[in-house]
Amino acid sequence: MNMSDPGCIFCKIVSRDITTEFVAETSNTLAFRDIAPLADVHLLVIPKQHHRDVLELAKNAPSILGELMNTAANLANTYTNGSFKLQFNTGAEAGQTVCHAHAHVLADNVKDAS
Ligand code: 5GP
Ligand code: ZN
């Protein structure tokens with residue numbers, strides 16, 4: 001299986017060919033802010049391996065999907081007050097524009113740091 005796609009924008013983020021500030025990194029996942037945020041908190045969590053969408057990730061690397069969910073939960077705890085959306089757009093008709101599996105963490109609240 002090909003674990004990286006040279007034409008994929010998120011693979012270029014994984015390889016650091018595109019510079020992005022990361023908000024989390026684990027062995028198999030990365031997280032960063034969406035370049036065009038649709039909410040006060042809008043983070044993306046991706047596997048480092050290239051899988052087309054969350055269904056392919058679930059089929060080919062379920063343990064990495066579990067790790068991705070754990071990363072998303074940690075970010076939700078850090079960046080939101082506990083109310084958030086976790087969204088996997090899957091397929092063009094559902095609005096998927098980047099064909100590298102990713103979860104959106106969306107919240108219209110930012111955790112009160114006080
Ligand atoms: P999708 O629509 O495929 O579910 O989500 C892809 C998301 O990736 C979009 O919300 C888009 O704004 C974001 N995105 C696309 N290219 C880049 C990029 O180069 N850097 C970052 N940080 N986000 C990106
Ligand atoms: Zn990719």
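Author: Happy to walk through this one with you. A residue counts as near a molecule if its C-beta atom, placed from the backbone, lies within 6 Å of it. Please keep in mind that this is a predicted model.

Reader: Thanks! Which residues come nearest to ligand 1?

Author: There are 14 residues around ligand 1. They divide into seven nonpolar, five polar and two charged. Those that come nearest are Ile35, Ala36, Asn89, Thr97 and Val98.

Reader: Let's turn to the sheet. In what order do the five strands lie?

Author: We can build it up pair by pair. β1 (residues 22-25) and β2 (residues 29-33) form a hairpin with three residues between them, and they pair antiparallel over three bridges. β2 then pairs with β3 (residues 41-47) over five bridges, five more join β3 to β5, and β4 and β5 pair over three. The sheet is open, its pairing is antiparallel, and the order is β1-β2-β3-β5-β4.

Reader: Which are the edge strands?

Author: In the order β1-β2-β3-β5-β4, look for strands that pair on one side only. Neighbouring strands here are turned by 20° against each other on average, direction ignored. The edge strands are β1 and β4 (85-87).

Reader: Could you give me a bridge I can find on screen: which residue of β3 is the bridge partner of phenylalanine 32?

Author: Gladly. Start in β1 at phenylalanine 22, whose bridge partner in β2 is phenylalanine 32. Step on from phenylalanine 32 into β3, and the partner there is leucine 44.

Reader: And on the other side, which residue of β5 is the bridge partner of glutamine 87?

Author: β5 has bridges to β3 as well as to β4. Histidine 42 is partnered by leucine 106 in β5. For glutamine 87, the partner in β5 is histidine 104.

Reader: Which helix packs on the sheet?

Author: The helix in question covers residues 62-79 and touches β1, β2, β3, β4 and β5 (103-107). Its direction makes about 160° with that of β3. That helix is α3.

Reader: Which residues of β5 are on its covered face?

Author: In a regular strand the side chains alternate between the two faces of the sheet. In β5, His104 and Leu106 belong to the uncovered face. The covered face holds Ala103, Val105 and Ala107.

Reader: Now the interior. Which element supplies the largest share of the largest nonpolar core?

Author: This core has 23 residues, and Leu43, Val45, Ala72, Leu75 and Val105 touch the most other members. α1 (9-14), β2, β3, α3 and β5 each supply at least two residues. The largest share, seven residues, comes from α3.

Reader: Is valine 45 buried or exposed?

Author: Valine 45 sits in strand β3. Leaving out residues up to four places away in sequence, it touches Thr29, Ala31, Leu68, Thr71, Ala72, Leu75, His102, Ala103 and Val105. The cut-off for burial is 20 or more other C-beta atoms within 10 Å. Because valine 45 has 28 of them within that distance, it is buried.

Reader: How far apart in space are valine 45 and valine 105?

Author: Leucine 75 is in contact with both, and also with Val23, Ala24, Ala31 and Leu43, leaving aside its neighbours within four places in sequence. In sequence, valine 45 and valine 105 are 60 residues apart. In space, C-alpha to C-alpha, the separation is 7.7 Å.

Key:
Residues numbered from 1 in each chain as written. Chains lettered and ligands numbered in written order. Predicted model: local features only at pLDDT ≥ 70, side-chain atom pairs only at ≥ 80, totals over all residues. Nonpolar A, V, L, I, M, F, W, Y, C, P; charged D, E, K, R; others polar. Pairing = 2+ DSSP bridges. Helix = DSSP H or I, 4+ residues; strand = E, 2+ residues; numbered from the N terminus. Axes fitted to C-alpha atoms, helices over the stretch in contact; angles between N-to-C directions. Contact = placed C-beta atoms within 7 Å. Buried ≥ 20, exposed ≤ 12 C-beta atoms within 10 Å, placed from the backbone. Core = buried A, V, L, I, M, F, W, Y, C linked by C-beta atoms within 7 Å.
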